[in-house]
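This briefing addresses a domain interface and a helix packing. The structure is shown first, and the points follow by topic.

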Amino acid sequence: MAAQAAEWGDSTRAIHAGSERCKPYHALIEPLVQTATYTFRNSEEVVAYQEAHTRGLPTDRLEYGRYGNPTVAACEARLAALEGAEAAIQFASGMAAVTTTLLALLRQGDHVIMTDDCYRRTRQFCLEVLPRFGIETTVVPLGDYEALETAIRPTTRLLLSETPTNPYLRVLDVERFATIARRHHLISVVDSTFATPFNLRPLEWGVDLVIHSATKYLGGHNDLLAGFVAGRAEWVTPVRELHNILGATPDPHNAYLLLRGLKTLSLRVERHNQNGQRVAEFLAEHPEVEQVWYPGLPSHPDYAVAQAQMRGFGGVVSFTVRGDLWRTARFIDRLQIPYISPSLGGTESLVIQPALMSYYDVPPEERRRLGIRDNLVRLSLGLEDADDLIADLRQALDGLE
Ligand SMILES: *Cc1c(COP(=O)(O)O)cnc(C)c1O
């Protein structure tokens with residue numbers, strides 16, 4: 001990160017960090033270098049590049065698109081600055097960031113501890129894919145730091161958590177998590193997608209690596225898929241080496257869109273935070289709503305930790321509607337502003353009923369064991385006016401038979 005970027009506030013970093021002051025063609029905006037590969041003038045240039053590359057010396061040119069691209073590199077520098085990290089890698093999706101990072105840092109015989117209420121595909125990767133490589137995972141309840149520490153074995157290598165979680169918005173005490181990892185010489189990794197670097201910077205609390213699905217708030221416009229990992233170069237370098245082999249490389253145009261989205265991150269997250277808080281407060285008072293989960297409500301189990309470590313709590317609110325699965329579905333069908341769609345963090349409000357979306361193929365008993373209630377709704381508030389969102393929710397709830 002440029003020296004001054006460390007001193008800048010979030011909005012300035014989101015617009016300027018990692019950019020050269022003088023760009024090609026004197027363009028103001030980071031150029032979109034839409035190329036798959038790079039050319040060499042002659043064999044001498046090839047040899048000079050190879051010599052520098054094999055000795056690990058810096059070179060001022062690139063070889064092939066999977067190993068680097070100027071637009072992607074600019075986006076990576078911006079992402080690193082936003083998290084206060086030494087280095088970052090952008091991926092084609094959030095899951096590519098999760099899987100490449102874990103595969104790079106784990107070996108046969110290693111053990112992982114992860115917290116529950118996590119992204120379903122991450123849990124599947126840890127519990128169903130990693131065992132094929134001789135890597136075991138133990139799941140412990142988020143918030144139970146004694147269970148976390150008790151689960152540590154001599155072979156444990158990595159602790160993995162998310163914050164806030166999906167769908168119950170549980171908030172990790174990031175400092176406590178990082179301290180446990182450090183005490184036992186383990187790598188700590190936090191998927192901070194729901195928090196955004198505006199609301200929480202896990203690295204500042206001592207975590208080793210932070211992961212994001214940039215598909216959500218960072219892209220912010222529901223028009224791209226991306227992910228990234230950031231942290232100290234010591235941890236990021238082995239991930240990049242495996243990334244060059246596995247190849248979940250983002251397209252340059254994707255990096256261009258993400259850079260564009262990042263410029264308004266602070267403004268957008270402030271509005272997401274406001275909409276989240278106002279809608280959560282409205283829902284908590286409505287007689288047709290059974291329970292609301294939002295870290296900005298004093299009723300939330302992690303309210304105190306959230307107040308101490310986060311600046312705001314984002315735009316996702318989860319709640320249960322009085323009644324069964326189908327009454328809840330009827331409520332969702334009455335909504336006129338949020339679209340029924342499985343993502344979050346963008347300009348458009350989106351809503352899902354997890355039992356009918358992400359967990360449809362899971363048998364009801366198993367669903368209940370995972371804590372997914374039939375009448376649970378996950379609402380991702382976009383950037384619309386809070387008054388309009390509240391009016392829409394009110395008419396949908398009030399009109400329920
Ligand atoms: C969406 C999401 C992912 C996966 O990201 P993709 O960009 O969809 O691959 C991982 N973790 C969390 C917390 C997410 O919300």
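**Domain interface and helix packing**

Domain 1 and domain 2 bury about 3300 Å² between them, with carbon and sulfur atoms giving 55% of that area; buried area is the accessible area (1.4 Å probe) that two parts lose on being put together, summed over both. The model is predicted, so that local features need pLDDT of at least 70 and side-chain atom pairs count only at pLDDT 80 or more, while totals for chains, interfaces and linings use all residues. Residues are numbered from 1 along each chain as its sequence is written, and side-chain values use heavy atoms, with hydrogens and water left out.

**Domains**
- The chain is divided into domain 1 (2-33 + 69-262) and domain 2 (265-398), with bounds from an automatic or database domain assignment.
- The domain centres, taken over C-alpha atoms, are separated by 24 Å.
- Contact (heavy atoms within 4.5 Å) involves 36 residues from domain 1 and 41 residues from domain 2.
- Tyr168, Phe198 and Tyr217 of domain 1 lose the most area to domain 2, together 25% of what that side buries.

**Salt bridges**
- Three salt bridges are counted between domain 1 and domain 2, each a side-chain nitrogen of Lys or Arg within 4 Å of a carboxyl oxygen of Asp or Glu.
- Arginine 120 forms a salt bridge with aspartate 361, whose closest N and O atoms are 3.1 Å apart.
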